[in-house]
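The following paragraphs lead the reader through selected features of one protein model. Please keep the sequence and the coordinates at hand while reading.

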Amino acid sequence: MTTPSPKVLILGPTAAERDTLSAQVGAEGYGVDVAGGSEEAIAKLRAGSFDLVMVDAAGSGAEGQRFLKALRGDAELALLPVVAVAAADDVEIISRWLALGADDHLSRGSSPEMLRARLRAALDRRRLREVESLTREMAVARSIQQDFLPESLPETRGVTLAAALHPAREVSGDFYDVFTLPPSGAIAMVVGDVCDKGVGAALFMALFRSLIRASADPVGGGAIQMIGGRRTLVRQSLEAATPADLLTRVAGFTNDYIARLHGRTNMFATVFLAILDPLYGRFDYLNAGHEPALVVAPDGSTLALRPTGPALGLLPEQVFTTGQGALERNHCLFAFTDGLVEARNPTGEAFGNERLHAALRTSGTSAPDVVRGVVEGVRAFIGTAEPHDDLTLLAATRTIG
């Protein structure tokens, strides 16, 4: 597959000057189009795909300056580099254009070598601007995404909580959430992993997290009912709903919303959800195609909480079931994303379940120690290797009983 040639728009009031410059630029292998005025130039830039603009700075006069102002004020076009073309002795004109926002200048009648150098410099400048702009945007996206995670974990008598999320890239498709459910004070725990990586996964991460939190609200939420052949969220108080009812409602509503409204994107998420009674240690859980969460005992033995239904968002009207368990004193409920067991060292070897269980045996069962110990184990294992996937961990340890 061949890479298309860079494309240049040449703006100038006279056909002769445009034709001369077009021939010179075209001889260097660039695609060329021309415009006689600022409105035509802006229209062509918006309609096409151009890499830079060359302007007859002397001949275009005020019209060219209007064009430059319009270009720099257009969010979609502002990064395009502009090269002002003028006679070598037109120092005042060149200075004015550079002050107005032109990126470079070229003396009329310059050698092919000089033209080639100016064009390459302009393209390099555009690539640099795009990288800088993307870096700024990704920093903003990461900051916004961080705001979707809990600012702090609930402080509940009888249970300690800890969590960590380490994106493989600037933004993550992983998410976690922890919140209490009134009036019982039960703790809702969520760990999710959106398929794919990058910006698309990050956008859906925010959507999945918001849908789960909203549909889990026992006051602002509601029950799932079949209306017109479609599963629908009906607003009503769910204070009397069982944890299992709440979990299946959350999974069903989130699944149907994504599958029906965004099915064409083929985006889905594996999710582990649990509702823990901090006083008695009982918990209900729903595993939607996710890595098995683990109940970790003080002796390092584990009980795996395997999937009870499919991933969320694949197909509407999926059936989800729940499981039950109990946390004894000093036992830990530990959920994580597959970026943990699939983390790879420089030779390509995966961290795997055996190393995970070894890390759990040596970290104890205190939630902060579990998270810290596993993260340190993974980091030591991968060494200098680039992160393979996002890494998210969530732990809850019962301290009474």
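**Helix packing, cavities and backbone**

Helix 6 passes helix 7 in a right-handed crossing. The model described here is a predicted one. The axes of helix 6 (residues 198–215) and helix 7 come within 9 Å and cross at roughly 140°. With that angle, helix 6 is oblique to helix 7, because angles count as roughly antiparallel if they are over 145 degrees. From helix 6, the residues Phe204, Leu207, Phe208, Leu211, Ile212 and Ser215 take part in the contact, and they meet Leu246, Arg249, Val250, Phe253, Thr254, Tyr257, Ile258 and His262 of helix 7. By class, the residues of this contact comprise 10 nonpolar, three polar and one charged.

A second helix pair is formed by helix 3 (residues 57–72) and helix 4 (residues 91–100), which pack at an angle of about 10° with their axes 11 Å apart. Helix 3 is therefore roughly parallel to helix 4. The crossing of helix 3 with helix 4 is left-handed. Helix 3 contributes Ala57, Ala58, Ser60, Gly61, Gly64, Gln65 and Leu68 to the contact, while helix 4 contributes Ile93, Arg96, Trp97 and Leu100. Sorted by class, the contact of helix 3 with helix 4 has six nonpolar, four polar and one charged residues.

The next topic is the internal space. Two cavities of 30 Å³ or more are present in the structure, and the largest has a volume of about 80 Å³. Which elements give two or more residues to the lining of the largest cavity? They are strand 7 (174–181), strand 8 (186–194), helix 7 (243–262) and strand 11 (269–276). The lining of the largest cavity is made up of 13 residues, and those nearest its centre are Ala188, Ala216, Leu247, Leu273 and Ile275. In terms of class, this lining has 13 nonpolar residues, with no polar and no charged ones. Helix 7 thus appears in two settings: it is in contact with helix 6, and it gives residues to the lining of the largest cavity.

Two details of the backbone remain. Strand 7 and strand 8 are linked by a loop in which proline 183 lies. Proline 182 and proline 183 are joined by a cis peptide bond, with omega at about -5°. Elsewhere, glutamate 317 is placed in the loop between strand 14 (302–305) and strand 15 (323–326). Phi of glutamate 317 is near 60°, a positive value in a residue other than glycine.

How values were computed:
Residues numbered from 1 in each chain as written. Predicted model: local features only at pLDDT ≥ 70, side-chain atom pairs only at ≥ 80, totals over all residues. Heavy atoms only, no water. 1 Å grid on protein atoms, 1.4 Å probe; cavity = no way out; pocket = protein on both sides within 12 Å on 5 of 7 lines; lining within 4 Å. Points joined across faces, edges and corners; volume = space filled by probe spheres on them. Helix = DSSP H or I, 4+ residues; strand = E, 2+ residues; numbered from the N terminus. Nonpolar A, V, L, I, M, F, W, Y, C, P; charged D, E, K, R; others polar. Axes fitted to C-alpha atoms, helices over the stretch in contact; angles between N-to-C directions. Parallel < 35°, antiparallel > 145°, perpendicular 65-115°, else oblique. Left-handed = near helix turned anticlockwise from the far one by under 90°. Contact = heavy atoms within 4.5 Å.
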